[in-house]
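Trainee: Could you choose one part of this structure and go through it closely with me? I would like to follow it step by step and then see what lies around it.

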Amino acid sequence: MSACYRSELIGLFGSPVDENPTGVIMEAAFKALNLNYHYHPILVKPQDLKAAIGALKAFNMKGTHITIPHKTEVLTYLDDVADDAKLMGAVNTVYLKNGRTYGENTDGKGFIISLQENNIPIQGRRAAVLGAGGAARAITIELANAGAAHITVVNRTREKGQILVDLLNHHTPACAEFVLWDHSFKVSDNTGILVNATNIGLYPETGKPDIDYPALPADVVVCDIIPNPPQTPFLQEAARRGHKILDGFSMLIHQGAISFKLWTGQDAPVQVMRQALAAEFNIEL
Ligand code: NDP
């Protein structure tokens, strides 16, 4: 018998993880490429993160996704971290090579690819990003590295927003400014890209960010990175007002596709992943 009854293991470490649909796209991708891999969402409490990273080695796993609330803390437990992930202070993907753990951040890269595949230009443009958490850090740094000229960070907690703006001004070519989110935010006229990188609208919540919707510049592209639900109240309102919109599906798929390559060494079947996610959420492509 030459059959192999063991499969390669990929994790998703977070708390909570129950609502995270990434396994749907990963399992579809493994199946499409006939890879004997499986993706396991695993509930890991903060006090157990160190042990969970140790388990990656003990179980000879290929790697794991890292999600809320571990993206920053995990840097402490890895053997090596990519320079841009260090700058972001956040890792969302860990892979193993020769018994060592490596941290990368594919979130912002996935967002940039989703802009590019929808022909949304970045070079020389102004962007406004709501939120200053892990996802906002990854997105703003990648926007800056992709040529965005100016980035406005809008956050309700001053310290977090200011730290991100200082980081962008000191370590990227973009010019950044901070706006304290203690009133309805008005997007400035020459802004090309507006991104919701907060949790507002994430299932089961149904709220939308407090911005001046009637004053949105006519040609601003409105993006939400929340993948569940894909059509958030924020995007619905923007679409109703005639704006081009971009949902969190594309980012989820493309960040996953980059992670997939790190784990398997193969290009991800992006179209298969997109179809699997659309089927899961009953959406027509
Ligand atoms: P964090 O907890 O690191 O950051 C959350 C941010 O949202 C903070 O800046 C926080 O502000 C702000 N925020 C939360 N609630 C409110 C509120 N009620 N009013 C105003 N601001 C608020 O989370 P992440 O950055 O990791 O994730 C953010 C979102 O991005 C999640 O919904 C997640 O699902 C999504 N995401 C999507 C991905 C994709 O592939 N599509 C990938 C990664 C994340 P404050 O600093 O004041 O607390």
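Mentor: Let us begin with strand β5 (residues 93-97), which pairs with β6 in the antiparallel sense over five bridges. Strands are DSSP runs of E with at least two residues, helices are runs of H or I with at least four, and both are numbered from the N terminus, while two strands count as paired if DSSP finds at least two bridges between them. Before going on, please keep in mind that this is a predicted model, in which local features need pLDDT of at least 70 and side-chain atom pairs count only at pLDDT 80 or more, whereas totals for chains, interfaces and linings use all residues. Residues are numbered from 1 along each chain as its sequence is written, and side-chain values use heavy atoms, with hydrogens and water left out.

Within this pairing, Val 94 has Gly 103 of β6 as its bridge partner. The two strands form a hairpin with two residues between them, and Asn 98 in the turn has a positive phi of about 50°. On β6 (residues 100-104) there is also a link to β4, since two bridges join these strands, which run parallel; here Asp 80 is matched with Tyr 102 of β6.

The hairpin belongs to an open sheet of six strands with mixed pairing, in the order β2-β1-β3-β5-β6-β4. The edges are taken by β2 (37-43) and β4 (80-81), each with a single partner strand, so one side of each has no neighbour in the sheet. Elsewhere in this sheet, β1 (residues 8-14) and β3 (residues 63-66) run parallel and are joined by four bridges, with Gly 11 standing opposite Thr 64 in β3. Just ahead of β3, in the loop that follows α2 (49-58), Asn 60 has a phi near 50°, a positive value in a residue other than glycine. The loop between β3 and β4 contains Pro 69, and the peptide bond leading to this proline from Ile 68 is cis, with omega near 0°.

A second open sheet of six strands has parallel pairing and the order β9-β8-β7-β10-β11-β12. At its edges stand β9 (175-180) and β12 (245-246), each with one partner strand, so one side of each is left without a neighbour in the sheet. Two bridges join the parallel strands β11 and β12, and Cys 223 is placed opposite Leu 246 of β12. In the loop between β11 (221-224) and α7 (233-240) we find Pro 229, where the peptide bond from Asn 228 is cis, with omega near 5°.

Finally, let us turn to the ligand. It is surrounded by 24 residues, the closest being Ala 132, Ala 135, Arg 156, Thr 157 and Ile 225; a residue is near a molecule if one of its heavy atoms lies within 4 Å of it. By kind, this shell divides into eleven nonpolar, nine polar and four charged residues, where Ala, Val, Leu, Ile, Met, Phe, Trp, Tyr, Cys and Pro count as nonpolar, Asp, Glu, Lys and Arg as charged, and the others, Gly among them, as polar. A backbone N or O atom of Ala 132 lies 2.9 Å from an oxygen atom of the ligand, a backbone N or O atom of Gly 134 lies 3.0 Å from a ligand oxygen, and a polar side-chain atom of Asn 155 is 2.9 Å from an oxygen atom of the ligand; a polar contact here is a pair of N or O atoms within 3.5 Å. Two elements, α5 (134-145) and α8 (248-264), give two or more residues to the shell around the ligand, and α8 gives the most, with four residues.

Notes: A polar contact is a pair of N or O atoms within 3.5 Å; within protein, one must be able to donate a hydrogen and the other to accept it, and residues adjacent in sequence count only if both atoms are side-chain atoms.
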